[in-house]
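Please look through the sequence and the three-dimensional model shown here, with attention to one helix and to the links between cysteines.

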Amino acid sequence: TMGVSIESAVVGIDEKPAHSVTLDSFYMDQFEINVEQYAAFLNSLGTFQGACEGVDCALPRPFSGVNSYMFIDDLGDGTQQYVAEAGFANYPINHVSWFGAQAYCESVGGRLPTEAEWEYAARGTDERTYPWGNRAPTEAQAVFASDSFENLKPVDALPDGASFFGIYGMAGSVWEWTADWYDEGYYAVSPRINPTGPETGLARVMRGGAWPSNNLADRIRATNRSSLAPDFISGTVGFRCVRDIR
């Protein structure tokens, strides 16, 4: 079941109506893409600027400000490389555009998850509210409602917050890009088999909520939907990839 049918002050109109969806099998990353992985990708490209379909793939420090663990290291011979800050290689990458996320996934033989795939991976088969179940989140399960970026944790932290399928970080930490265009009323017309979202749009769907203080428990629910323009880059947004089972 995708979406919700209950009446609640925290449930958005874009989460309704609840509807049954059938998906082909797929593999999903157990963890969000980390800083070290994304830095290696940028090193293979040679630059972040305009390198992902003409859009900046991501913003390292100092271009991103202080809320980033990826920066540019000058090798002293006129060349530069992208590196993770010492001790933070396994933290989730952020400041990534939708184009930068999709390009990374394609580079490793995958793609971004559809919104339906993401919700299934987070919610399982029992219509749970959060990846771990229906109980309200705690600090042992998710990084959310935080007053500091420094409270972010490695991608393999908080096993108590893992989903029905053992996938980490699907609530809080950083928002995750999905493949789909966003449409508030899409659920009313969604195909029941392998929905992939509207054909066009202005913003791409993000899921999962993130670390900042305005991301309270209601925003990290497994059915909560949000969106951003695909070229928008934020310190609260990262991603993970999926791969089709052939």
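Which exposed residues does the face of α1 turned away from its buried side carry? In this predicted model, that face carries E36 and S44, while the buried residues of the helix, which spans residues 35–45, are V35, Y38, A39, F41 and L42. These buried residues cover an arc of only 155° around the axis, which puts them on the same side of α1. An α-helix has 3.6 residues a turn, so residues three or four places apart point the same way. The buried residues of α1 are covered by elements that include β2 (70–74), β3 (80–84) and α2 (98–107).

The two ends of the helix can be described in turn. At the N-terminal end of α1, N34 acts as a cap, with a side-chain oxygen 3.2 Å from the backbone nitrogen of E36, and just after α1, G46 takes a positive phi of about 95°.

The model also holds two disulfides, and in sequence order the bonded cysteines pair as 1-2, 3-4. One of them joins C52 to C57, with an S to S distance of 2.1 Å, and this link is right-handed, with 100° about the S-S bond. C52 is buried at a relative accessible area of 2%, and C57 is buried at 0%.

The other disulfide is formed by C105 and C241, whose sulfur atoms lie 2.1 Å apart. The torsion about its S-S bond is about -85°, so this disulfide is left-handed. Because C105 lies in helix α2 and C241 in the loop between β7 (237–238) and β8 (242–244), the pair ties together parts that are 136 residues apart in sequence. C105 is buried, with a relative accessible area of 0%, and C241 is buried, with 3%.

Technical notes
Residues are numbered from 1 along each chain as its sequence is written. This is a predicted model: local features need pLDDT of at least 70, side-chain atom pairs count only at pLDDT 80 or more; totals for chains, interfaces and linings use all residues. Side-chain values use heavy atoms; hydrogens and water are left out. Buried means under 20% relative accessible area, exposed over 50%, partly exposed in between (1.4 Å probe, protein chains only). Helices (H or I, at least four residues) and strands (E, at least two) are DSSP runs, numbered from the N terminus. The arc is that of the directions from the helix axis to the C-beta atoms. Contact means heavy atoms within 4.5 Å. A polar contact is a pair of N or O atoms within 3.5 Å; within protein, one must be able to donate a hydrogen and the other to accept it, and residues adjacent in sequence count only if both atoms are side-chain atoms. A disulfide is a pair of cysteine sulfur atoms within 2.5 Å.
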